[in-house]
Structure formats: C-alpha cells, structure tokens
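Student: I have a structure to get through and some terms I don't know. Can we go over it?

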Amino acid sequence: MKNLLATSEAYNSHIYYTAKIHWISYVIPFFLIAIGSLGVISFLLVGYKYMISFIGLFSLFLIYIFIRGLILLLRNRSTKIFITDSHLTLSQGILSKTSFDLSLQKLEGMTLHQNFLGKFLDFGTLIVSTGSLKHTYNIKHPQELRDAILMLKNNLDK
C-alpha cells in the first residue's frame, strides 16, 4: 500500500523545526490507565457473571476510563508537529493518519499561552489561526516553535 504522507510535497521539503509533545501531556493518560486498570483487574477476578451488580457496573466504568486513557496515550505518542519551507504540519492518528497542513502565508494569528507551571517546566500551548480555523498545540519549547514560524513567515513575505 502506498504511503500518501511520504509522497506529499510538505514531507519532501526541508523540515526546519520539529516540535515535541511535553511529558506533562502524558500525566492524564497515565492517571486514567492506572485508575482504569483497577476495573480491568476486578473484571478479571470477578468475571462477567457479576456485571449486573453495582461492583460490576463500576468495574465496567473503570474499564471505559482505562480505554480512554489508552487512546489518549496512543494519540499523544503518534502526534508529530513540524515546520517545512511553507507549511506548518500536524500529523496524528492511531489506526489511520490525519495530516493538517497550514500554509504559513495564510497564517493570521498566533497565541502563546504558558501558565506558571508551563514557564517553570518549559511547556505551553500554541494556538494558530487561519481565518475561521484554529489549531491548538500542547508542546515543549513553544517559544522556539513560535520563533521558527515567525522567521519562516517573514522569509516568505519578502
């Protein structure tokens, strides 16, 4: 099967900066997996016969939390953000790949948000807007990504 992402123009052009997901983004998925694993363990110990009781329904709820945490973890692991000559690209997906290419020429605004903990641990949220679309990126070193976007955007405008 042909990899469409590998043959795209954005993939073949020079990548100037690659953003990384900060480890703080993995705290909630790990917490959900840890809490949800109690439901998985209770389901394995009690079995499906007692799933109608309160303990069984609570166990099913915890299994749901476990699955949600696993999906969040896999989504964070598969997210890739990079800047090429003329695009900001976000690629994510677990079983299938979705790629968003934002043209740097059509970029209208950026907002960088770092709370106290974000400044201390060097992570933040970069919100990029192009017209009516807004994309939010929770990354480490957000100032570097912002500076790289502004530098390349200024080079394209010249």
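Tutor: Start with residue classes: Ala, Val, Leu, Ile, Met, Phe, Trp, Tyr, Cys and Pro count as nonpolar, Asp, Glu, Lys and Arg as charged, and the others, Gly among them, as polar. The lining of the largest pocket divides into 8 nonpolar, 7 polar and 1 charged residues. A pocket is an open set of points on a 1 Å grid over the protein atoms alone, with protein on both sides within 12 Å along at least five of seven lines, where a 1.4 Å probe fits; lining residues have an atom within 4 Å of a point.

Student: OK, and what kind of model is this?

Tutor: This is a predicted model, where local features need pLDDT of at least 70, side-chain atom pairs count only at pLDDT 80 or more, and totals for chains, interfaces and linings use all residues. Residues are numbered from 1 along each chain as its sequence is written, and side-chain values use heavy atoms, with hydrogens and water left out.

Student: What's the mean pLDDT of the chain?

Tutor: The mean is 82, and 92% of the residues reach 70 or more; pLDDT is the predictor's confidence in each residue, from 0 to 100. Over residues 1-5 the pLDDT is below 50, and that stretch has 5 contacts beyond near neighbours in sequence. Contact means heavy atoms within 4.5 Å.

Student: Back to the pocket. How much space lies in it?

Tutor: About 390 Å³, where the volume is the space filled by probe spheres set on the grid points, which are joined across faces, edges and corners. Of the 16 lining residues, Ile21, Ser25, Asn76, Thr136 and Asn138 are the closest to the centre of the largest pocket.

Student: Which element gives the largest share of the lining?

Tutor: That is β7, with 4 residues. The elements giving two or more residues are α2 (27-46), α3, β3 (87-92) and β7 (133-140). Helices (H or I, at least four residues) and strands (E, at least two) are DSSP runs, numbered from the N terminus.

Student: New topic: where is Thr79?

Tutor: In the loop between α3 (54-78) and β2 (80-83). Beyond its neighbours within four places in sequence, Thr79 is in contact with Ile21, Leu90, Ser91 and Gln92. A polar atom of the Thr79 side chain lies 2.7 Å from the backbone oxygen of Arg75.

Student: Why does Thr79 count as buried?

Tutor: Because its relative accessibility is 15%, and buried means under 20% relative accessible area, exposed over 50%, partly exposed in between (1.4 Å probe, protein chains only).

Student: And Thr125, what does that one touch?

Tutor: Not counting residues up to four places away in sequence, Thr125 touches Thr111, Leu112, His113, Thr136, Tyr137 and Asn138. Thr125 is in strand β6 (residues 123-130) and counts as buried at 17% relative accessibility.

Student: Which side chain does Thr89 have a polar contact with?

Tutor: The side chain of Asp101, at 2.7 Å. A polar contact is a pair of N or O atoms within 3.5 Å; within protein, one must be able to donate a hydrogen and the other to accept it, and residues adjacent in sequence count only if both atoms are side-chain atoms. Thr89 sits in strand β3 and is buried, with a relative accessible area of 3%.

Student: Last one: what is phi of Asp122?

Tutor: Near 60 degrees, a positive value in a residue other than glycine. Asp122 lies in the loop between α4 (116-121) and β6.
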